[in-house]
Amino acid sequence: MKTASASLALGFGDIDAAMLAEVGGKAANLGELTRAGLPVPPGCCLTTRAYHRVAEGAGLNEVIAELAGTAAADTPALAELAGRARALLLQAPVPEEVRAAIAECYARLGEGAAVAVRSSATAEDLPYASFAGQQDTYLNVVGAEAVQDAVRRCWASLWTDRAVAYRASNGIDHAAVRLAVVLQRMVEAEVAGVMFTANPVTGRRREAVIDAAPGLGEAVVSGAVNPDRFVVDLASTRIVERRTGDKRVAIRSLPGGGTERIEAPSDEPCLTDERVRALAALGARVEDHYGSPQDTEWAIDADGTLWLTQARPITTLYPVPETTRDGLRVYFSVNVAQGVMRPFTPMGMAAFKLVSAGAAALCGFPPADRLAGAPIMAEAGQRLFLDITPAVRSRAGRTILPRMLAVGEARAGVIFQQVAEDPRLSVTSTSMLPLVRTAMRAAGRVGAPERVALALARPRAALAFTRRLGEELETRLAISPDATAEQRLDHAERVLRGAFPTIVSIMPIAIAGYAGLGLAGKLSGAKGEQLQAVLRSLPNNPTTEMDLELWHLARDIAADPEAAGQFRSARVSELADAYERGELRAQRAVAGFLSRYGHRGVAEIDLGMPRWSDEPAHILGVLANYLRLDSEDLAPDAMFARGAQEAERAVRTIVAMAAAKGRLRGRLAAFALRRTRMFAGLRELPKYYAVEVLAAVRRSMRVVGEELVAKDVLDSADDVYFLDLRETRQALTGGSLRELVAGRRAAYEQEVRRRHVPRMLLSDGTEPEALAVRAEAGEGALTGTPASAGTVTGTARVVLDPIGAHLEPGEILVAPSTDPGWTPLFLTAGGLVMEMGGSMSHGAVVAREYGIPAVVGVADATHRIVTGATITVDGSGGIVSIAD
């Protein structure tokens with residue numbers, strides 16, 4: 001082992017920390033487990049350097065360059081290039097020292113040994129992509145030549161169609177990926193399978209899930225068999241669930257090499273309870289060794305010996321918030337509630353925590369450390385959660401919170417009720433008095449009684465108050481251009497801390513509008529669609545006003561032949577470049593729109609995110625898309641006008657229904673609905689003002705970032721958004737923070753790719769929604785919450801990120817959730833389907849105002865519906881049907 005091959009062939013026990021970067025995940029893990037005294041079959045590993053030597057001689061560079069320029073959606077082109085790469089590797093000469101290393105590896109396992117030859121890529125086990133099953137494994141390989149051939153085929157499997165497509169869709173550089181090959185003595189398994197040391201479906205930690213079947217584990221891993229399943233609580237080793245599969249197929253080794261499939265159905269469990277518990281205990285040891293939940297493969301031979309053949313981290317589990325509090329905790333996602341599925345930047349997180357400190361002080365509970373935020377705040381996966389355990393465990397919380405959630409996030413309300421049934425979360429507080437006192441204190445401090453009285457008695461004065469509040473806010477946000485970095489930080493902390501009490505004082509007026517709708521419903525007996533119709537095309541909604549102004553800008557561009565020609569012929573990137581140079585035909589008009597609304601953007605509640613004024617390409621793309629809409633009937637301003645007419649008809653109908661029960665009832669209903677039409681649109685105004693605050697702080701922090709660049713602390717002014725407020729203040733004294741920022745940017749980019757964020761999460765890792773029973777409305781139908789009445793059939797367009805998204809007029813938008821940054825897409829959408837939200841969530845409100853059918857709270861909609869599918873959205877019944 002002192003020749004060149006020493007760097008290529010290593011026994012598991014010889015792998016050390018210095019080699020881990022050169023070894024695929026499985027090989028490194030198996031080496032660690034061997035040293036830890038865990039039962040791993042003997043074997044050795046060819047590191048990624050062996051693959052690199054062969055790949056260099058294969059001439060893959062040209063293929064890799066072509067792959068870099070191929071879109072992830074271009075499946076045929078990816079498949080053709082993947083085939084070329086495989087052929088090059090299979091035909092490439094293998095250097096003699098590599099061949100010698102393979103021979104030596106095999107010889108160490110014994111003459112004529114049967115081995116498993118397993119792939120282990122450096123791109124496996126990423127936080128956002130496991131790559132499980134993307135590369136090949138060959139079982140029961142016998143003989144040196146057969147092993148050489150299997151190793152070569154493992155290398156080539158780095159370029160299977162599925163592996164190339166998976167890397168392309170996850171944005172992984174093909175040139176950077178390497179592959180190690182594990183040579184492992186075969187275990188002639190009587191029974192084999194897989195074991196997760198945390199439940200991969202519910203997320204519950206320390207709950208092992210074991211799938212088992214007779215024969216080699218390939219039958220279970222490949223999905224060829226319906227296995228036996230056991231769920232075991234690792235703390236007590238109690239088997240909490242068992243399900244017997246039919247196990248129709250078994251895969252067995254053949255003498256002399258290879259495997260065969262045998263039809264051998266069995267209704268009897270293939271594991272005894274004793275063996276199930278032994279497996280669970282072994283899984284617990286593996287998890288304890290690595291300090292995180294593990295996905296393992298195992299086998300039991302004819303002698304009853306239990307072997308581990310693989311261990312890898314479970315990458316699909318959502319992280320659990322860190323807590324020092326005892327007992328089971330319940331967390332509610334702020335990101336999901338706000339329609340922001342991506343992570344927060346560190347500066348965005350810091351701002352939200354400071355805002356929460358102001359909110360806590362308003363309620364009479366100022367935190368000791370304002371920068372740390374209110375104690376209710378928690379963080380996991382770079383996203384914000386609220387610890388709602390006190391509400392779950394109090395009688396008052398169980399009464400009020402589900403009703404609040406039913407309005408804004410209906411699915412979460414259902415899940416809350418289920419969580420409340422967990423015996424570990426029994427009620428510990430039965431008094432309503434603390435909640436009443438807190439609510440009265442907060443209401444008094446924001447002047448809620450006075451605001452409601454003003455809205456009822458002097459509605460125009462109430463509207464004037466909301467405008468005056470905006471003007472006062474602008475004055476408070478202003479800061480001298482000559483302010484020092486420290487003064488800017490002081491100012492940022494001051495306005496963020498005071499933002500919540502100021503902005504929330506608008507809410508009593510908006511609530512008065514919705515209370516009027518409820519009162520009219522009581523007086524008239526109207527409900528459902530009749531009441532929803534009143535909320536069509538509401539005035540005084542800043543988001544609707546913004547969208548209509550954008551539409552009018554598009555009409556002005558369409559009326560100018562030169563401007564329209566530029567927008568229709570140029571790419572969005574070219575339009576953005578022209579705007580930056582001041583050469584856009586509609587330069588002044590676009591600049592005017594951005595001067596008023598440029599503080600808005602996608603994921604705008606994170607001040608670390610660019611605004612439209614920072615990156616106008618998104619808005620320019622939306623304008624170009626609007627120019628494609630030719631139908632006057634589908635024009636947003638026409639639709640808004642029709643919606644207003646429908647709302648007025650609904651008002652007259654409801655008033656008549658109330659009057660039929662008494663003249664006074666009719667007058668009260670008319671009064672209530674006038675207030676509804678006037679004030680309900682203000683629901684969006686607090687967020688509008690909040691985003692103005694965040695945008696102002698963002699601009700100021702960028703100036704601070706520029707000073708840190710001048711001090712040689714950061715490389716770019718935008719790097720400041722990857723520091724928090726405390727770190728930024730400390731950075732003013734000097735010292736490079738480049739390494740810290742680079743690490744945070746890399747972690748942030750990984751989290752951006754995470755597609756699933758739980759609505760609720762327990763501190764043991766359980767996602768309560770995964771336990772909920774989903775009612776299905778017939779085959780091919782998905783159910784959710786009715787959000788905007790009407791039925792539409794059309795082509796689905798799944799959009800995960802609105803930036804650069806293209807929506808043909810009439811297509812049905814299918815999205816995880818939406819915030820105001822998405823609403824320009826609504827103007828040409830024929831319907832809306834969202835995974836998140838309730839009847840009063842942002843997307844639902846805007847859909848109603850535009851009169852497009854919408855269903856929200858549809859679980860896994862972006863996974864279960866594909867772009868191009870024909871779907872029917874029933875916004876009255878809350879049903880989405882997918883055509884064949």
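## Helix α14 and its setting in the predicted model

In this predicted model, the buried residues of helix α14 are A410, R411, A412, G413, I415, F416, V419 and A420. The helix runs over residues 410–420, and because eight of its 11 residues are buried, α14 is largely enclosed by the rest of the structure. An α-helix has 3.6 residues a turn, so residues three or four places apart point the same way.

The chain that surrounds this helix has secondary structure that comes to 33 helices and 25 strands. Its radius of gyration is 31 Å, which agrees with the value near 29 Å that a compact globule of 884 residues would have. Taken along the principal axes, the C-alpha atoms fill a box of roughly 95 × 60 × 60 Å. Of the 884 residues, 54% count as buried, and among contacts in the protein chain with a separation of 6 or more, 69% are accounted for by residues 24 or more positions apart.

As for the surface and the charges, the accessible surface of the protein chain comes to about 36600 Å², with 53% of this area belonging to carbon and sulfur atoms. The chain carries 97 positive and 105 negative charges, and the mean positions of these two sets are 9 Å apart.

Two further helical residues can be set side by side.

| Residue | Helix | Relative accessible area |
|---|---|---|
| E751 | α30 (residues 738–752) | 8% |
| L620 | α25 (residues 617–626) | 0% |

With a relative accessible area of 8%, E751 falls under the 20% cut-off and therefore counts as buried. Which residues is E751 in contact with, once its neighbours within four places in sequence are left aside? They are P343, G381, Q382 and R383, so that this residue of helix α30 is joined by contacts to residues that stand far before it in the numbering.

L620, in helix α25, is likewise buried, because its relative accessibility is 0%. When its neighbours within four places in sequence are left aside, L620 is in contact with F567, L575, A576, Y579, L584 and V590. How far apart in space, C-alpha to C-alpha, are L620 and C44? The two residues are separated by 57 Å in space and by 576 residues in sequence.

Technical notes:
Residues are numbered from 1 along each chain as its sequence is written. This is a predicted model: local features need pLDDT of at least 70, side-chain atom pairs count only at pLDDT 80 or more; totals for chains, interfaces and linings use all residues. Side-chain values use heavy atoms; hydrogens and water are left out. Helices (H or I, at least four residues) and strands (E, at least two) are DSSP runs, numbered from the N terminus. The radius of gyration is taken over C-alpha atoms; the globule rule is 2.2 Å times the number of residues to the power 0.38. Buried means under 20% relative accessible area, exposed over 50%, partly exposed in between (1.4 Å probe, protein chains only). Contact means heavy atoms within 4.5 Å. Accessible areas come from the Shrake-Rupley method with a 1.4 Å probe; for residues, only the protein chains shown count as cover. Lys and Arg count as positive and Asp and Glu as negative; His and the chain ends are not counted. The place of a charge is taken as NZ of Lys, CZ of Arg, CG of Asp or CD of Glu.
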